[in-house]
Amino acid sequence: MKDAFGIPQSLLVLGGTSEIGLATARRLIARRTRTVWLAGRPSPALETAAAGLRSLGAEVRTVAFDALDPVTHEEKLGKVFAEGDIDMVLMAFGVLGDQAHDEEQPLSAVRVAQTNYTGAVSAGLVCAKALQGQGHGSLVVLSSVAGERARRVNFIYGSSKAGLDAFAQGLGDALHGTGVHVMVVRPGFVRSKMTAGLPDAPLATTPEAVATAIETGLRRRSETVWVPGALRAVMSALRHVPRPLFRRLPV
C-alpha cells in the first residue's frame, strides 16, 4: 500500500528501459518503494536497468512485455499481479518514429500508432482491471504535449499521443470512486535517447524533472500533470490559434 504521502511500496513500469520510467523508479526507491517490476522486451538493456535499481536496495524483477503483442498482455501482466498487489503502474513505453520516413512508409506509421495507442489501450485496460480488483492503486500514463494539437513536423506521433491522452482521461473517469487513481502526465520535449540529435524545443525538460513531477502528482493525487508546469498556459493558448496562423508558427 501507499504511505501517507502517496508513495507506492510496489511499482510496475511498462517500458522497462524507458529513461523516464527508470528515473521515476529511482526517485521512488529513494523515498519508499521496495518492489519494482520492469516490463519490456527481454534484452541486455532490460537486465542492466534491473541491476541498476537493485543496487539502490530494491527488489527488482523483470517480465517479458511487448506493446505490439496485445494478445499476450493479459497473461504476462496477470502473472505480475498474481505475485502481490501493485501500488502503481507507470505506462512509459512509446516510440517517436521518423515523420518524413513514416509518411512515405505507411506501415512504419502504423507501427507508431500501434505501439503508442493500441498497445497502451490493451495494457491500460488489463492493468486497470487488476488495480480495480485490488481496490487501490495508481495508473500513471505518459502522454505528451504533442497530443494537444497536431503539428506538421510530428503529426503521426502527436495523433497517437492524442488518442492515448483521451483514452487515459476516459479511463480515469470510468474508475472514479473505485479506489484507483489515473494520472495523465504531459511532458514537453524531453532530453533523452529518443530525442537525441534533435534540437531542443522551448521549455525542454529532463527525465529526472518528469520523475519529480510524477512524485508530486502522486502526493497531490493530481489527474493531469504538465512538465514543466508552464506548458499548461502555453498549450492553452496554442489550442486557440487559427490554423492558417498556426501553420506558420515555429513550433
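Q: Which residues line the largest cavity in this predicted model?
A: The largest cavity is lined by M91, F93, T115, N116, A120, V141, L142, K161 and L164. About 40 Å³ of space lies inside.

Q: What makes the space in the largest cavity count in a search for cavities of 30 Å³ or more?
A: The search of the whole structure takes cavities of 30 Å³ or more and finds 1. The largest cavity holds about 40 Å³, and a cavity is a set of points where a 1.4 Å probe fits but cannot get out, so this space is a closed one.

Q: Which elements supply the lining of the largest cavity?
A: Helix α5 (106-134), β5 and α6 each give at least two residues, and α5 has the largest share, with 3. By class, the lining has 6 nonpolar, 2 polar and 1 charged residues.

Q: Why is strand β6 called mostly covered?
A: Buried means under 20% relative accessible area, and 8 of the 8 residues in β6 (180-187) are buried, so the name fits. V180, V182, V184 and R186 point one way, H181, M183, V185 and P187 the other, and all are buried.

Q: How do you know that β6 pairs with β5 and with β7?
A: Pairing needs at least two bridges. Strands β5 (137-142) and β6 are parallel and share 6 bridges, with G137 partnered by V180. Parallel β6 and β7 (224-227) share 4 bridges, and V185 stands opposite V225. Both pairs therefore qualify.

Terms used
Residues are numbered from 1 along each chain as its sequence is written. This is a predicted model: local features need pLDDT of at least 70, side-chain atom pairs count only at pLDDT 80 or more; totals for chains, interfaces and linings use all residues. Side-chain values use heavy atoms; hydrogens and water are left out. Buried means under 20% relative accessible area, exposed over 50%, partly exposed in between (1.4 Å probe, protein chains only). On a 1 Å grid over the protein atoms alone, a cavity is a set of points where a 1.4 Å probe fits but cannot get out, and a pocket is an open set with protein on both sides within 12 Å along at least five of seven lines; lining residues have an atom within 4 Å of a point. Grid points are joined across faces, edges and corners, and a volume is the space filled by probe spheres set on the points. Ala, Val, Leu, Ile, Met, Phe, Trp, Tyr, Cys and Pro count as nonpolar, Asp, Glu, Lys and Arg as charged, and the others, Gly among them, as polar.
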